[in-house]
Protein chains: 2
Amino acid sequence: MKVLMKSLFTLLLISNVAMAADPLPSWMDTAPKKAIIAFVDRVAKEGSPDFVPVAERIATFDNDGTLWAEQPMYFQGLFAIDRVRVLAPQHPEWKDKEPFASILRGNLPVAFAGGERSIMELVMATHAGMSTEEFEQIVRDWIATARHPKTKKAYTEMVYKPMLELLGYLRASGFKTFVVSGGGVEFMRPWIEKVYGIPPEQVIGSSIKTKFDLQHGKPAIIRLPELNIIDDKEGKPLAINHHIGRRPIAAFGNSDGDLQMLQWTTTGKGARLALIVHHTDDGREWAYDRNSMVGRLDRALDEAKARNWTIVDMKNDWKTIFPFEMN
Amino acid sequence: MKVLMKSLFTLLLISNVAMAADPLPSWMDTAPKKAIIAFVDRVAKEGSPDFVPVAERIATFDNDGTLWAEQPMYFQGLFAIDRVRVLAPQHPEWKDKEPFASILRGNLPVAFAGGERSIMELVMATHAGMSTEEFEQIVRDWIATARHPKTKKAYTEMVYKPMLELLGYLRASGFKTFVVSGGGVEFMRPWIEKVYGIPPEQVIGSSIKTKFDLQHGKPAIIRLPELNIIDDKEGKPLAINHHIGRRPIAAFGNSDGDLQMLQWTTTGKGARLALIVHHTDDGREWAYDRNSMVGRLDRALDEAKARNWTIVDMKNDWKTIFPFEMN
């Protein structure tokens with residue numbers, strides 16, 4: 001009996017150690033997981049010929065479609081639509097003005113028929129004209145209460161469990177993790193620190209212009225209805241250079257908007273990791289790539305294959321997608 | 001004898017402990033040092049009513065005149081002048097074109113008689129038209145070899161020892177330290193990490209525009225002759241908001257260009273520290289303020305007095321100014 005107990009105890013210990021030793025438990029033991037672990041071993045192990053000092057272990061992550069979901073449309077778009085509904089009573093003129101009129105009637109295809117111009121009108125009407133502190137509170141309130149139209153989950157639950165594990169694994173291996181997203185930087189910062197463990201100064205995104213306003217001796221930063229930076233495509237390596245001043249050694253994306261960031265990352269000297277999340281699971285998530293309006297993955301998929309970048313097949317490489325799944 | 005040895009040993013130990021206990025040995029025991037230590041105690045001691053979590057302990061430092069010297073002119077200006085001399089053989093047309101012609105003849109007052117336009121011509125001719133990696137190498141080579149016209153020291157030795165101690169003290173107290181300077185961000189990053197212990201992603205500065213250039217499959221970021229951000233005056237709180245996304249709780253400057261950063265910092269909730277380095281020592285350094293072309297300190301000096309910000313009188317509050325001083 002005593003021997004049996006001891007054996008069981010030993011077994012339990014071993015299995016605990018084995019679990020603790022797996023930094024990526026939601027990942028299948030397939031090629032992407034192996035590529036990630038092999039890369040981290042190469043750059044983080046003292047004595048490795050590809051060893052990289054901690055200060056240079058920079059990893060950049062796209063957000064929409066890479067860290068959290070982006071269907072049926074970018075969540076920031078859903079936020080803007082919700083804001084139009086909230087603000088409508090103060091804007092009686094919106095009843096006859098697109099894209100607001102169609103949004104208020106729930107007809108999104110018509111609302112967005114005007115293309116980029118409609119989207120800009122929507123963004124500026126909902127994201128500008130207040131102080132940065134007021135906007136932060138608006139985002140905090142929305143993210144705490146809004147629910148995803150399909151899953152009815154909070155948006156902060158619509159994040160990919162394997163990617164949260166990856167963020168933690170990289171940080172435990174001495175990496176500094178950054179978000180580099182086409183999304184608005186001040187839309188992301190109010191919740192990203194809590195959800196991803198990434199502080200605001202490591203969040204890079206698109207932005208609108210601001211002005212410093214000193215009224216009654218109390219300064220405020222006011223958000224203006226004018227674009228500043230679009231952190232997408234070529235904009236990503238430029239924003240990385242401007243903000244971080246160092247080329248990443250690992251980058252993670254899911255769409256053509258990430259292509260240049262991945263090119264910039266992989267063409268530096270030494271060991272590099274480029275990974276693309278390919279949305280292939282229309283059961284647990286969504287399946288889309290070359291023909292999608294949101295998160296279109298076409299050129300970057302070809303280049304990933306040609307250059308042997310790591311491609312995650314969500315359906316087959318991830319055991320769990322969302323933290324709320326029961327498995 | 002044994003007792004004497006033991007006493008000496010004890011004395012040595014005590015004096016070591018006392019030295020280790022003074023985080024700011026180059027500061028006189030006057031009001032600024034007391035204000036700094038009192039502030040750090042208020043925000044960093046568990047249980048203090050003004051306790052601030054580590055993630056929110058953001059401290060921002062101006063560079064020119066605050067961390068390193070700025071006379072007889074901003075060191076980046078001296079770099080640009082040196083570059084004109086190096087590049088002159090490739091630009092025979094400069095012999096007849098201002099501001100280059102006067103710079104090459106050593107007549108700086110005439111060179112800069114054209115004001116802002118002359119300065120822009122000079123900056124763009126010397127800072128743009130190459131890749132970011134080429135520019136980084138140019139700065140590295142210059143900073144390694146150039147010498148200050150008066151002291152003949154390397155520019156990286158023209159830094160203020162009390163401020164280096166302050167950076168270290170704040171970091172040891174859980175602060176994240178940032179440079180927020182009107183100087184060019186890519187002029188500062190190549191040497192700041194080694195000299196101040198601040199990584200490139202915590203350096204904010206002025207910048208010119210860049211473009212992503214993909215030639216023969218090898219991407220580069222090319223510096224364009226067009227201004228992007230001027231990180232001075234109102235631009236400082238805006239750049240802090242854009243880059244850090246969090247209001248500092250401590251800020252350090254020396255000129256009117258830092259006024260808005262100090263206003264932004266001190267008007268947040270909770271304990272705040274604003275400090276101005278006042279150049280009062282024409283023996284060990286330089287003495288200048290309201291009428292100086294470089295680092296003009298006028299409005300900010302009035303506001304510092306009115307708001308009880310901490311003012312460092314360099315002559316009387318700093319035991320040592322430069323690390324190379326013998327004392």
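In this predicted model, Arg290(A), Arg296(A), Asp298(A) and Asp302(A) are joined to one another by a network of salt bridges. Over all chains, the count of salt bridges comes to 42. Several of these pairs can be examined one by one.

**Salt bridges within chain A and between the chains**

| Pair | Closest N to O distance |
|---|---|
| Glu136(A) and Arg140(A) | 2.7 Å |
| Glu186(A) and Arg223(A) | 2.6 Å |
| Glu133(A) and Arg247(B) | 2.8 Å |
| Glu133(B) and Arg247(A) | 2.8 Å |

The pair Glu186(A) and Arg223(A) forms a salt bridge of 2.6 Å. Glu186(A) belongs to helix H9 (residues 185-196) of chain A and Arg223(A) to strand S4 (residues 218-229) of chain A, so this pair ties together parts that are 37 residues apart in sequence. Both partners are shielded: Glu186(A) counts as buried at 15% relative accessibility, and Arg223(A) is buried as well, with a relative accessible area of 6%.

The salt bridge between Glu136(A) and Arg140(A) lies within one helix, for the two residues are four apart in helix H7 of chain A and are therefore separated by about one helical turn. Glu136(A) is partly exposed at 30% relative accessibility, and Arg140(A) is partly exposed at 35%.

Which parts of the two chains does the salt bridge between Glu133(A) and Arg247(B) connect? The pair crosses between chains, from helix H7 (residues 132-145) of chain A, which holds Glu133(A), to the loop between H10 and strand S5 (250-253) of chain B, which holds Arg247(B). Glu133(A) has a relative accessible area of 47% and is partly exposed, whereas Arg247(B) counts as buried at 14%. A salt bridge of 2.8 Å also joins the side chains of Glu133(B) and Arg247(A).

**How the two chains meet**

In general, two copies of a chain are related by a rotation about an axis and a shift along it. Here, chain B is superposed on chain A by a rotation of 180 degrees with 0.0 Å of shift along the axis, and the RMSD is 0.0 Å. That is the relation of a two-fold axis. The C-alpha of His243(B) is the one in chain B nearest the axis, 3.5 Å from it.

In the contact between the chains, 40 residues of chain B meet 40 residues of chain A. Because 100% of the interface residues of chain B are also interface residues in chain A, the copies meet through the same surface.

The size of an interface is often given as the accessible area lost when the parts come together. For chain B and chain A this area is about 3,200 Å², with 52% of it on carbon and sulfur atoms. In chain B, the residues that lose the most area to chain A are Glu201(B), Phe212(B) and His242(B), which together account for 20% of what that side buries.

Between chain B and chain A there are six salt bridges, and 21 residue pairs are in polar contact across the interface. Among the elements of chain B that each supply at least two residues to the side touching chain A are helix H7 (132-145), strand S3 (203-215) and helix H10 (235-243). The largest share of that side, six residues, comes from S4(B). By class, the side of chain B that touches chain A has 15 nonpolar, 13 polar and twelve charged residues.

**Loops and backbone details**

The loop between strand S1 (58-61) and helix H3 (75-87) of chain A contains Thr66(A). Is Thr66(A) buried or exposed? Thr66(A) is buried, since its relative accessible area is 0%. Its side chain makes a polar contact of 2.8 Å with that of Asp62(A). Leaving aside residues up to four places away in sequence, Thr66(A) touches several others, including Tyr160(A), Met163(A), Phe252(A) and Asp258(A).

Pro72(A) is also placed in the loop between S1 and H3 of chain A. The peptide bond joining Gln71(A) and Pro72(A) is cis, with omega about 5 degrees. In chain B, the bond from Gln71(B) to Pro72(B) is cis, with omega near 0 degrees.

Two residues of chain B that are not glycine have a positive phi. Lys233(B), with phi near 50 degrees, is found in the loop between S4 and H10 and counts as partly exposed at 39% relative accessibility. Asn308(B), with phi of about 60 degrees, lies in the loop between helix H12 (299-306) and strand S7 (310-313) and counts as exposed at 71%.

Definitions and conventions
Residues numbered from 1 in each chain as written. Chains lettered and ligands numbered in written order. Predicted model: local features only at pLDDT ≥ 70, side-chain atom pairs only at ≥ 80, totals over all residues. Heavy atoms only, no water. Least-squares fit on C-alpha atoms with pLDDT ≥ 70 in both. Contact = heavy atoms within 4.5 Å. Buried area = accessible area lost by both parts, 1.4 Å probe. Salt bridge = Lys/Arg side-chain N within 4 Å of Asp/Glu carboxyl O. Polar contact = N/O pair within 3.5 Å; in protein donor to acceptor, adjacent residues only side chain to side chain. Nonpolar A, V, L, I, M, F, W, Y, C, P; charged D, E, K, R; others polar. Buried < 20%, exposed > 50% of the residue type's maximum accessible area, 1.4 Å probe, protein only.
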